[in-house]
Amino acid sequence: MQIPSLQDEEFQLFRRWLYRSAGINLSPGKKALVAGRLGKRLRHHGLGSYGDYFRLIMAERGGGELQTALDLLTTNETYFFREPRHFDFLRQQVLPALGRGRPVRLWSAACSSGEEPYSLAMTLAESLGAGPWELVASDISSRVLAQAGRGQYPLSRAEHIDTRLLHKYCLKGVGEQEGSFLVERRLRQRIRFMQINLNQRLPEIGDFDVIFLRNVMIYFDLDTKRQVVERILPRLRPGGYFIVSHSESLNGVSEALRLVQPSIYRKP
């Protein structure tokens, strides 16, 4: 079956739906991405147009195919210890002042396939030892959350993990699992993976000392950024840190946080 072309009016249907559902503002240049990621679903269902597929997912009213389409269009590339200065700041400036009595709590609020929360978990385990800590990791995509929960990755994904940490916290696959590595169980069990849409009311997940919201707001327009940050900030403890990616800024988004250094903010 030959996949049809994605027409402009069909692209606009998906574009408006994704904005309403996830707050993601697709630029016109993402038309090829939408066509590429959803084309195989047209083939799977034997559909003759992207418009037919859009009507299918709308008719399901939240069914499995609707989630599949959302997963396909919201999955972003990530890797272990991305933007390493954030992990250095956490290890050198934040964690030494915490961990005295109550558990240290972190939230990876757009965790994708798990590389960020596992990087955070290794940092916490190294810095706090046997001290209590909790880590929540969330994403809108159920598919990447399932992958994150497994904690298994191709060996090629380990290139940014320090060799000592790799040997200490990961297991090299053998036999049928050769060419992959698995984050060890005791580290996996310390992370609570949850499906959360940041553009909807947040579930009761408690308060946090540090919130990572990196490489997701680049897909939001200004109004959506303001709404998302306003929704998240009550979950950040006074004195807590809010960390975005180096390519992002909260300038014009929120005045409730104090800039510590580029991409790192603190709640008074």
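**Exercise 1.** Work out what share of the 268 residues in the chain is buried.

*Solution.* Start with the burial count over this predicted model: buried residues make up 49% of the chain's 268 residues. Then turn to the outside, where the accessible surface comes to about 13300 Å². Carbon and sulfur atoms hold 48% of that surface.

**Exercise 2.** Decide how the chain compares in compactness with a globular protein of its length.

*Solution.* Begin with the elements: the chain contains ten helices and ten strands. Its radius of gyration is 20 Å, close to the 18 Å that the globule rule gives for 268 residues, so the chain is as compact as a globular protein of that length. Next, look at the contacts with a separation of 6 or more: 73% of them join residues 24 or more positions apart.

**Exercise 3.** Classify the ring pair formed by Phe 14 and Phe 54, and say which helices hold these residues.

*Solution.* The structure has eleven aromatic pairs, and here we take one of them. The ring centres of Phe 14 and Phe 54 are 5.2 Å apart and the planes stand at 85°; planes over 60 degrees apart count as edge-to-face, so this pair is edge-to-face. Now place the residues: Phe 14 sits in helix α1 and Phe 54 in helix α3, so the pair ties together parts that are 40 residues apart in sequence. Finally, check burial: both Phe 14 and Phe 54 are buried.

**Exercise 4.** Find how many residues of helix α4 (residues 64-74) are buried.

*Solution.* Go along the helix and pick out the buried residues, among them Glu 65, Leu 66, Asp 71 and Thr 74. The full tally is eight of eleven, so helix α4 is mostly covered.

Methods:
Residues numbered from 1 in each chain as written. Predicted model: local features only at pLDDT ≥ 70, side-chain atom pairs only at ≥ 80, totals over all residues. Heavy atoms only, no water. Buried < 20%, exposed > 50% of the residue type's maximum accessible area, 1.4 Å probe, protein only. Helix = DSSP H or I, 4+ residues; strand = E, 2+ residues; numbered from the N terminus. Rg over C-alpha atoms; globule rule 2.2 N^0.38 Å. Contact = heavy atoms within 4.5 Å. Areas by Shrake-Rupley, 256 points an atom, 1.4 Å probe, with all protein chains shown as cover. Phe/Tyr/Trp six-rings, centres within 6.5 Å; stacked < 30°, edge-to-face > 60°.
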